[in-house]
Amino acid sequence: MQLTPEHEALRDTVKRFAKEHINPFVDEWEAAQIFPAHRVFKQLGDLGLLGLKYPEEFGGSGLDFSYSMVMAEALGDCACGGVPMAIGVHTDMCTPALARFGSDELRREYLAPSTA
């Protein structure tokens with residue numbers, strides 16, 4: 001696959017996010033046996049990273065799946081396994097069925113907030 005400048009910008013954004021918002025805190029989170037998922041997911045949503053492949057009318061970016069793959073690969077820069085796994089579960093296991101099979105009403109009520 002040929003990466004476009006847009007793919008590379010996404011990769012750089014995700015890697016920078018991991019470097020600044022995840023990796024510095026991994027040891028602290030592990031020691032406390034916590035993961036501030038609400039805060040981390042809100043930050044990801046603010047960057048538009050939770051709905052890359054979903055329609056814009058439901059809070060997504062309307063991009064193709066290749067962008068999701070770039071994001072998943074870039075999350076490999078995380079200094080732990082659990083946080084990127086949680087992100088992947090959210091973006092690639094929990095929300096796809098809702099996006100594909102949910103009514104517009106359900107997508108407005110649940111998908112849009114999930115991407116935000």
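Okay, let's start with a term: a helix crossing counts as right-handed when the near helix is turned clockwise from the far one by less than a right angle. Keep that in mind, and keep in mind too that what we're looking at is a predicted model.

So, which hand does the crossing of α1 and α4 have? That one is right-handed. Helix α1 covers residues 5–22 and helix α4 covers residues 65–74. Their axes come within 9 Å, and the crossing angle is roughly 35 degrees. If you want to find the contact on screen, look on the α1 side for E6, H7, L10, R11, V14 and K15. On the α4 side, the partners are S66, Y67, V70, M71 and A74. By character, the residues of that contact split into 6 nonpolar, 2 polar and 3 charged.

Let me stay with V14 for a second. Ignoring its neighbours within four places in sequence, V14 is in contact with L49, M71, A74 and L75. V14 also turns up in the largest nonpolar core, which has 22 residues. Along with V14, the residues with the most contacts inside that core are L10, I22, L44, L49, M71 and I87. Where does the core come from? Helices α1, α2, α3, α4 and α5, the last of these being 82–101, each put in at least two residues. The largest share is from α1, with 5 residues. And there's another core apart from this one, made of 5 residues, including Y54, L98, A99 and L111.

While we're on α4, have a look at S68, which sits in that helix. Is S68 buried or exposed? S68 has a relative accessible area of 7%, so it is buried, since the cut-off is under 20%. Setting aside residues within four places in sequence, S68 is in contact with L52, K53 and D92.

Next up, V26, over in helix α2. V26 has a relative accessibility of 7%, so this one counts as buried too. Leaving out residues up to four places away in sequence, V26 touches A79 and C80. Here's a long-range one for you: V26 and V83 are 57 residues apart along the chain, yet their C-alpha atoms are separated by 9.0 Å.

Now the aromatics. How many aromatic pairs does the structure hold? There are 3. One of them is F25 with W29, and that pair is stacked, at 5.9 Å centre to centre with 20 degrees between the planes. The two partners differ in exposure: W29 is buried, with a relative accessible area of 5%, while F25 is partly exposed at 29%. Ring pairs also tie F25 and W29 together with F35 and F41 in a cluster.

Last stop is Q33, in the loop between α2, residues 26–32, and α3, residues 37–46. What is its phi? Near 55 degrees, so a positive value in a residue other than glycine. As background, most residues other than glycine have a negative phi. And Q33 is not tucked away: with 73% relative accessibility, over the 50% cut-off, Q33 counts as exposed.

Okay, quick recap before you pull up the model yourselves. Start with the right-handed crossing of α1 and α4, then follow V14 into the 22-residue core. After that, swing round to the stacked F25 and W29, and finish on Q33 in its loop.

Methods: Residues numbered from 1 in each chain as written. Predicted model: local features only at pLDDT ≥ 70, side-chain atom pairs only at ≥ 80, totals over all residues. Heavy atoms only, no water. Axes fitted to C-alpha atoms, helices over the stretch in contact; angles between N-to-C directions. Helix = DSSP H or I, 4+ residues; strand = E, 2+ residues; numbered from the N terminus. Contact = heavy atoms within 4.5 Å. Nonpolar A, V, L, I, M, F, W, Y, C, P; charged D, E, K, R; others polar. Phe/Tyr/Trp six-rings, centres within 6.5 Å; stacked < 30°, edge-to-face > 60°. Buried < 20%, exposed > 50% of the residue type's maximum accessible area, 1.4 Å probe, protein only. Core = buried A, V, L, I, M, F, W, Y, C linked by side-chain atoms within 4.5 Å.
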